[in-house]
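Please go through the structure below from its overall make-up to its individual contacts. The terms are explained where they come up.

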Amino acid sequence: LAGAGVLLVALVVATPLAGRLADVAAPGGTGRGRVDEWSAAAGVIRDRPVVGVGPEGYRVAVTRHLDEGYASRNGRGDVVDRAHSAPLDVAATAGLPAAAGYVALVGLVARAAIGLNRRRPGTLVAAVGAGTVGFFAAQLVLFPVPELDAVAWLAAGAVLAAAGPTPGRGPEQRWPPVAAVAAAVGLVVIAAVVGWRGVSADRSLRTAADLAAEGRRGDALAAAGRAVDAGIVDIDATYLAAGIARSGPTILDLDLAIDLTEHGLTGAPGDPALRTLHLELLVERAARSGLPDDLGRVDDAAAALAADDPTNPALCAAAGLDVLRSRPAGDGTVRAAGGCTPR
């Protein structure tokens, strides 16, 4: 046991793990960041404890719980869309009952894996069980990733099947009902169609990014438009298309970017990335024109955003237009509605 402890210490010291552990434990390190993420997730769960906020609803709901302390320690440059803990992610998305079911199911998988390692040590299925338990243990401080979760749950199913009693092959086994087979086939067809549209949107999005990098703005905008049309609700495509339009030299290009962003918000209302971009575009237009109507649009959008996302950095840019409003900086609607946290 002592030798194993010495080996473990040597591995920690001789590998990048030592630096990683130091970063986790540091006052401003990733450990504090995880605590901040979990605290914000707890606020979202308190708001909707039974049914949660739904798929992709977390990125919208969590902004109300990102206070100035969070913004100063972690910044607001990235969209917060995960709680960095699988049980908390499930609870925030689908409610506490679903999270309890998730934890119970993971517990069954762990129990089956432990049983396999006792009864059939050294076998492939026992190794798969140990790896599956390790994956779900890591998920306590990470968030579910669809690409990995699909494989992990397939492995978990194999572990549960191997740990259970061997099924008989008597005459009592029958084919599933025709309705169930038809429903399964229908779901596969729907998934295939949606998946193909998503792949098409991703290809167009990559093409748009490449064309924009080459300076072919018109072609890039057309490719981004195809990505917007191909995706069901493609926030990335909308964001890229608006950015390409924004790069144009005229105020009409800026208006196109605003229109694209507003179109995206009709399909994904409340999305923090699109709302931030929308306010930035309105601020840019008001700064160019100086028109009272444009300044009023900025005030309205900033007040609405500050109510839902009080530490959004775009609010600082909106507050900076006070000089155009002929009033002292800091006395405007924006700061009264929530202010800004520069970061």
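Helices (H or I, at least four residues) and strands (E, at least two) are DSSP runs, numbered from the N terminus. The model is a predicted one, in which local features need pLDDT of at least 70 and side-chain atom pairs count only at pLDDT 80 or more, while totals for chains, interfaces and linings use all residues. Residues are numbered from 1 along each chain as its sequence is written, and side-chain values use heavy atoms, with hydrogens and water left out.

The chain has 17 helices and zero strands. Of its 343 residues, 35% are buried; buried means under 20% relative accessible area, exposed means over 50%, and partly exposed is in between (1.4 Å probe, protein chains only). About 19,000 Å² of the chain is exposed, and carbon and sulfur atoms supply 65% of that area. Accessible areas come from the Shrake-Rupley method with a 1.4 Å probe, and for residues only the protein chains shown count as cover. A contact means heavy atoms within 4.5 Å. Among contacts in the chain between residues at least 6 apart in sequence, 62% join residues at least 24 apart.

The nonpolar interior can be taken next. In soluble globular proteins, nonpolar side chains tend to be buried together. A nonpolar core is here a set of buried Ala, Val, Leu, Ile, Met, Phe, Trp, Tyr and Cys residues joined through side-chain atoms within 4.5 Å. The largest such core has 33 residues, and within it Leu279 and Val298 touch the most other members. At least two residues of this core come from each of α10, α11, α12 (235-246), α13, α14 (272-289), α15 (292-308) and α16 (314-319). Separate from it is a second core of 21 residues, with Val62, Val80, Ala86 and Ala91 among them.

Helix α13 is one of the contributors to the largest core. Its 17 residues should span 24 Å at 1.5 Å a residue, and its end C-alpha atoms are 25 Å apart, which agrees; the expected span is 1.5 Å times one less than the number of residues. The buried residues of α13 are Asp253, Leu254, Asp255, Ala257, Ile258, Thr261, Gly264 and Leu265. They pack against α11, α12, α14 and α15. An α-helix has 3.6 residues a turn, so residues three or four places apart point the same way.

Which residue forms a salt bridge with Asp253? The partner is Arg217, with 2.8 Å from N to O. This pair links distant parts of the chain, since Arg217 is in helix α11 (residues 217-230) and Asp253 in helix α13 (residues 251-267), 36 residues apart. Asp253 is buried at a relative accessible area of 14%, whereas Arg217 is partly exposed at 26%. A salt bridge is a side-chain nitrogen of Lys or Arg within 4 Å of a carboxyl oxygen of Asp or Glu. Side chains of opposite charge can pair when their charged atoms come close.

The structure holds 16 salt bridges. Another of them joins Arg73 and Asp36, whose closest N and O atoms are 3.0 Å apart. Arg73 lies in helix α5 (residues 68-74) and Asp36 in helix α3 (residues 30-47), so the pair ties together parts 37 residues apart in sequence. Asp36 is buried, with 7% relative accessibility, and Arg73 is partly exposed, with 37%. Arg246, Glu280, Glu284 and Arg288 are linked in a salt-bridge network.

A further salt bridge, 3.4 Å from N to O, connects the side chains of Arg82 and Glu56. Arg82 lies in the loop between α5 and α6 (86-94) and Glu56 in the loop between α3 and α4 (58-61), so this pair ties together parts 26 residues apart in sequence. Arg82 is partly exposed at 22% relative accessibility, and Glu56 is partly exposed at 47%. The backbone of Glu56 has a positive phi, near 60°, in a residue other than glycine. His84, in the loop between α5 and α6, has a positive phi of about 60° although it is not a glycine. With 19% relative accessibility, His84 counts as buried.

On the surface, Val181, Val185, Val189 and Val193 make a nonpolar patch of about 320 Å². Patches are made of residues with over 30% relative accessible area and no salt bridge, with like charges joined within 9 Å and nonpolar side chains (Val, Leu, Ile, Met, Phe, Trp, Tyr) within 5 Å. Val189 is in helix α10 (residues 178-213) and is partly exposed, at a relative accessible area of 47%.
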